[in-house]
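Let's take a walk through this protein together, one region at a time. Have the structure open beside you and follow along.

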Amino acid sequence: MSTHWDLTSLYTSFEDPKMEQDLASVKQEVKTLKKWFEENIDNKRLNDADKIIHIIKEITAIRFKADRYESFARLQSATDTMNQVAQEKLNMIEAIEPDITELEIMFQDYLSKLDDLDEILTSATLLEEHGYILREMVAKHQHSLDSETELIIAKMKNTGSTAWTKLHQQLLSTLQVDLPAVYGLEKETKPISAVRNMAYSPDKSVRKRAYESELKAYEKITLPMAACINGIKGEAITQTRLRAFSSPLDMTLFYSRMDRSILDALLEAMREALPLIRKFLKKKAEVLGHENGIPWYDLYAPLGEDKTKVSYEDAKKIVYDNFNSFNPDLADFAKMAFAKNWIDVEPKAGKRGGAFCSNLPIGESRVLLNFDGALSNVITLAHELGHGYHGHCLREEQLLNRDYTMPIAETASTFCETIIIKSALANWDDQRRFAILNDQVTRYVGIIMDIYSRFLFEEALFEQREQSTLSVNQLNDLMVSAQKEAYGEGIDHTYSNPYMWVNKVHYYYVNRNYYNFPYAFGLLFAKGLYAMYEREGTSFLPKYDTLLRATGKNSIYDIGQSVGIDLTDATFFRGGVNMIKEDIEMLLNLL
Ligand SMILES: [Zn+2]
């Protein structure tokens, strides 16, 4: 069995003639469909249902081949980042993207002119199956502007928000931090990313000096960074108004297919988790010798060292066995992924870092790992296979019904992680349990507490930005008060981090405002589902698959409804919060 993934079910290589054929036919079919639009869309003698069916079939065929082509190039590039051919192929398919988007906008235009769409959608199975996304296209159309204005906005964006995003990236990635000769350490200069990693150092002097130097370094760039965030958020407000949304949050929720009442229920449950997380931080502070809560520089300080190593064969066995005790279908899926070489395992020169799973249009998945034997790699393997299983459940859905929104994206992965963690906590020795709990609880601090502070910050930022641009001091003040509200007595506020707005890229993504709550939703949604499984046992299993299959063609509310959950009620999320609380209590006991 190879530890390098097998991509031959896409194409045999870049020389595979099928690859060129796909690209050529995508180009041809885009042209043909555009011509068809011009000649037939206003033809009254043609039936509307037939027109829509034709367009859906054509767009599906185009998307399928374009995705296959793009996936192959992207996956090749992931294991060989310097591969020029892969880059060229990616550029080639990217160049066609605007033409496909144009077709989709023409389709939107046409659909929104039909006053009997609901009736038409009941006239054929294919139309019924695509009902949600077709109605969503009409709803999106209500928030789009005439094509001339859209073109102007797109062009102005290039010199506006997109330029600010680039400047932010450049300033941050080139920021050098001077680390002075203090606490018995030698003077040195390091890039900001390396300095931020020092937060995980077992040496307190290293952590403290890194934190102090990081804040000092930010002072050199706060002025342009404030200009970036003011520019990006100001543009978001202008677009919100032009597109007739009541607020940037409203716009984000719309594109996330999520109701405000679901967000409110989520936030309510998050707030209920805060006191216990604060208690943990205070306990951690005590262990590290602090009296007034934890200083920012010790938030990620390791508690004890984890020396356990796991082989890939052992990791596979742990994952398989635990999946099998949950649901044999999930275990079978993992077995197939192992047997068919869907996983690229080891780190190697030129391979990108981290881990991801890519669900392919052909109904298969590929997982990239950088397996180095750390215990956390077992969790990562389960996480990525969870994404794969999500794709596996969606594979029989229509291609256009397989895309889900950000808040839903981490459901299946977090669920699979939880399967492993639950079993680990029941069966492993204290040292391993401690390591795994410590990892988890550190994640909760980030995903519940820090995310809550980021949400509060962004909300306050938009509110003030409506009135005027904000100064560096105003931005710092907003950040400090958001941290106070979220972290409370958990941290020592004489050592907080007023510059988190400089550091977090999430505030600087043009089309993704409030890129924070989806993380918390993902965690609590998955944990809430797991709590349901604990209550209902095996009768939960078919519901879980039904839910995953529903993710690409429903609102988040209806995804919940498909298995009888009311997501506007905090009770469901509370189930997830209780699971988190159990982990924290267990860690507090081990401390
Ligand atoms: Zn993930």
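Y514 is buried, since its relative accessible area is 4%, and values under 20% count as buried. In this predicted model, Y514 sits in the loop between α21 (500-503) and α22. Its backbone deserves a look too: Y514 has a positive phi of about 50° although it is not a glycine. That catches the eye because most residues other than glycine have a negative phi.

A second residue of this kind is A244, another non-glycine, with a positive phi of about 60°. You will find A244 in the loop that runs between α11 (222-242) and α12 (248-255). Is A244 buried or exposed? With a relative accessibility of 56%, A244 counts as exposed, because the cut-off for that class is over 50%.

From the loop that holds Y514, the chain leads to α22, so let's turn to the helices, where the cut-offs for angles help explain the labels. Helix α22 covers residues 517-536 and helix α23 covers residues 541-550; the two pack at an angle of about 155°, and their axes are 10 Å apart. Because angles over 145 degrees count as roughly antiparallel, α22 is roughly antiparallel to α23. On the α22 side, the contact is made by F525, L529, M532, Y533 and E536, while α23 brings in L541, K543, Y544 and L547. Sorted by class, these residues of the α22 and α23 contact comprise 7 nonpolar and 2 charged, with no polar ones.

Helix α23 also packs against α16, here at an angle of about 80° and with the axes 8 Å apart. That angle makes α16 and α23 roughly perpendicular to each other. Which residues make the contact? From α16 come Y389, H390, C393 and L394, and from α23 come Y544, D545, L548 and R549. The contact of α16 with α23 has 5 nonpolar, 1 polar and 2 charged residues. Y544 of α23 is one to highlight on your screen, as a residue listed both in the contact with α22 and in the contact with α16.

Now follow α16 to the metal. Helix α16 spans residues 376-394 and holds both H383 and H387, which are 4 residues apart, about one turn of the helix. Which atoms of the protein serve as donors of the zinc ion? They are NE2 of H383, NE2 of H387 and two OE entries from E410, at 2.1 to 2.7 Å from the zinc ion. Along the sequence, the donor residues follow the spacing H-x3-H-x22-E. The 4 donor atoms subtend angles of 51 to 140° around the zinc ion, which makes the arrangement irregular; a tetrahedral label would need all angles to lie between 85 and 135 degrees.

Both histidines, H383 and H387, are buried. For H383 the relative accessibility is 14%, so H383 counts as buried. Setting aside neighbours within four places in sequence, H383 is in contact with E410, S413 and E417, and E410 is also among the donors of the zinc ion.

One last stop is T571, in helix α25 (residues 570-590). Its relative accessibility is 47%, so T571 counts as partly exposed. The C-alpha atom of T571 is separated by 29 Å from that of T380, and the two residues are 191 residues apart along the chain.

Key: Residues numbered from 1 in each chain as written. Predicted model: local features only at pLDDT ≥ 70, side-chain atom pairs only at ≥ 80, totals over all residues. Heavy atoms only, no water. Donors = N, O, S within 2.8 Å, 3.2 Å for Na, K, Ca; no water. Tetrahedral: all angles 85-135°; square planar, octahedral: opposite > 155°, others 65-115°. Buried < 20%, exposed > 50% of the residue type's maximum accessible area, 1.4 Å probe, protein only. Axes fitted to C-alpha atoms, helices over the stretch in contact; angles between N-to-C directions. Parallel < 35°, antiparallel > 145°, perpendicular 65-115°, else oblique. Contact = heavy atoms within 4.5 Å. Nonpolar A, V, L, I, M, F, W, Y, C, P; charged D, E, K, R; others polar.
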